[in-house]
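Please read the following account with the sequence and the three-dimensional view open side by side, since it moves from enclosed spaces to open ones and then to the elements around them.

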Amino acid sequence: MKHSNKNTKFKHNIAIIPGDGIGPEVISASLKVIKKALKIENVYIKEKQYPWGSNYFKKYNQMMPKNGLDKLKQHDAIFFGAVGDKNIDDDITLWGLRLEICQNLDQFANIRPSKYIEGIDTPLNINIAKNIDWIIVRENSEGEYAGSGGIIHKNLPLEVGSELAIFTREGCRRIHEYAFKLALSRPRKNLTLITKSNAQRHGMKLWDKIFYEVKEKYPTVKVNKLLVDAATAVMVNSPEKLDVVVATNLHADILSDLASALTGSLGIGATANISTNKNFPSMFEPIHGSAFDIVGKNIANPIGAIWSGVLMLKHLGEHKAADRIYNAIKIYAKNKGPFTPDLGGKAKTEDVVNKLLSILD
Ligand code: GGG
């Protein structure tokens, strides 16, 4: 990773990949808010936009160029929109861009915070919803997304498809270690292991076993274990029982969509794909996908992308600007928006941005 010359005007060198669908809409909206908060701190970013994604695929039959990863390695962080196109198979778009980046830049820890924000309606009773304050730690490099498997006897009556979930000792150790450290840094110091080792008794048992090995190093962290199916009910009925949650790639993907919906909408979920290798940039993106049903209508909720920008700024050490934006989101929500349709309002994307910019003023 190449840090920008500290003598130049630009302190951070950011790769911007707006991607598909509503990705470009939420990324350009959130950059306005991010840059405004940074400007107040007299900090400027150097941006390089990469037009990769499904439109690029339609032209060049690849989601990003062969040297794309090398280009990304020149940056301090990556700000990503969404991937997915109704005319291209989802596995081609996902593996060609998002997973290509996450896996090759070894962004093994996918951090997904969910927090009740006062003023945003949730499907839960308010007295239950206000206890939501979770960080889901998603293993982001292997497990069910290892990409191992294949098709044999293709197109014959005996055609077989296999999808192998891979759990390595080191892959489990490093994500559990990350989750324990995170839990230790939080007031409640509580960590929940999500598993399905009652049914999947090989890889998932290794996943559990290594969790308890790592636990030995963190005696002050309180732990518990939940089957993934039971976890969904706890999230809905007793959110106060959860704090930091560590789950496999697939389990965490599903649980974090639920978490985001329980705090109001998928449109407000944020995520950070963290690489601890100092030579590789981490990547920040809203959890939502390309949502092609609302593309071009200017009603995409930019909060998920803006909150992801907050995570990126914290990662870059810009805590003051990050806190300013997060506080602005809280003020905006408490004053009832205006909200986009996913949160029950009629606002346009730009109305949300304008409101946040006026709060930042
Ligand atoms: N911004 C996140 C995004 O575009 N996700 C697209 C998607 O389909 N993700 C599925 C996954 O990563 O498991």
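In this predicted model, the largest cavity is lined by Trp134, Ile136, Ile194, Met235, Leu242, Val245 and Leu255, and about 40 Å³ of space lies inside this cavity. By class, the lining of the largest cavity has seven nonpolar residues, with no polar and no charged residues. The structure holds two cavities of 30 Å³ or more, and the second largest cavity encloses about 30 Å³ of space. Around the second largest cavity stand Arg112, Pro113, Ser114, Ser256, Ala259, Ser260, Gly269, Ala270 and Ile287, and the elements that give two or more residues to this lining are strand 4 and helix 9. By class, the second largest cavity has four nonpolar, four polar and one charged residues in its lining.

From the cavities we can turn to the open pockets. The largest pocket has a volume of about 540 Å³, and of the 21 residues that line it, the closest to its centre are Ile111, Pro113, Ile135, Leu311 and Lys314. Pro113 thus appears in the lining of the largest pocket and also in that of the second largest cavity. Which elements each supply at least two residues of the lining of the largest pocket? They are strand 4 (109-115), strand 5 (133-139), helix 6 (169-184), strand 11 (270-274), helix 10 (303-315) and helix 11 (319-334), and helix 10 gives the most, with five residues. The lining of the largest pocket divides into 13 nonpolar, three polar and five charged residues, and at least three residues of the lining come from each of domain 1 (1-108 + 292-361) and domain 2 (122-147 + 161-263).

The second largest pocket holds about 430 Å³ of space, and of the 23 residues that line the second largest pocket, the closest to its centre are Val83, Leu94, Ile287, His288 and Gly289. Ile287 is therefore a residue to follow in the view, as a question of where it sits: which cavity does Ile287 help to line? Ile287 is part of the lining of the second largest cavity. The elements that give two or more residues to the lining of the second largest pocket are strand 3 (77-82), helix 4 (90-104), helix 9 (249-262) and strand 12 (282-286), and the largest share, four residues, comes from helix 4. By class, this lining has ten nonpolar, six polar and seven charged residues, and the lining of the second largest pocket also draws at least three residues from each of domain 1 (1-108 + 292-361) and domain 2 (122-147 + 161-263).

Strand 12, one of the elements that line the second largest pocket, deserves a closer look. Is strand 12 mostly covered or mostly open? Strand 12 is mostly covered, with five of its five residues buried. In a regular strand the side chains alternate between the two faces of the sheet. In strand 12, Ser282, Phe284 and Pro286 point one way while Met283 and Glu285 point the other way, and all of them are buried. On one hand, strand 3 runs parallel to strand 12 and is joined to it by three bridges, with Met283 in strand 12 as the bridge partner of Ile78. On the other hand, strand 11 pairs with strand 12 in the antiparallel sense over four bridges, and Thr271 stands opposite Glu285 in strand 12.

Helix 1 can be traced next. Helix 1 (residues 23-40) has 18 residues and reaches 26 Å from its first C-alpha to its last, close to the 26 Å expected at 1.5 Å a residue. Its buried residues are Gly23, Glu25, Val26, Ile27, Ala29, Ser30, Leu31, Val33, Ile34, Ala37 and Leu38. Just after helix 1, Asn42 takes a positive phi of about 60°.

Finally, consider a loop residue. Lys130 lies in the loop between helix 5 (126-129) and strand 5, and the C-alpha atoms of Lys130 and Lys115, 15 residues apart along the chain, are separated by 8.1 Å. Why is Lys130 classed as partly exposed? Lys130 has a relative accessible area of 48%, and because partly exposed covers the range between under 20% and over 50%, Lys130 belongs to that class.

Technical notes:
Residues are numbered from 1 along each chain as its sequence is written. This is a predicted model: local features need pLDDT of at least 70, side-chain atom pairs count only at pLDDT 80 or more; totals for chains, interfaces and linings use all residues. Side-chain values use heavy atoms; hydrogens and water are left out. On a 1 Å grid over the protein atoms alone, a cavity is a set of points where a 1.4 Å probe fits but cannot get out, and a pocket is an open set with protein on both sides within 12 Å along at least five of seven lines; lining residues have an atom within 4 Å of a point. Grid points are joined across faces, edges and corners, and a volume is the space filled by probe spheres set on the points. Ala, Val, Leu, Ile, Met, Phe, Trp, Tyr, Cys and Pro count as nonpolar, Asp, Glu, Lys and Arg as charged, and the others, Gly among them, as polar. Domain bounds come from an automatic or database domain assignment. The expected span of a helix is 1.5 Å times one less than its number of residues. Buried means under 20% relative accessible area, exposed over 50%, partly exposed in between (1.4 Å probe, protein chains only). Two strands pair if DSSP finds at least two bridges between them.
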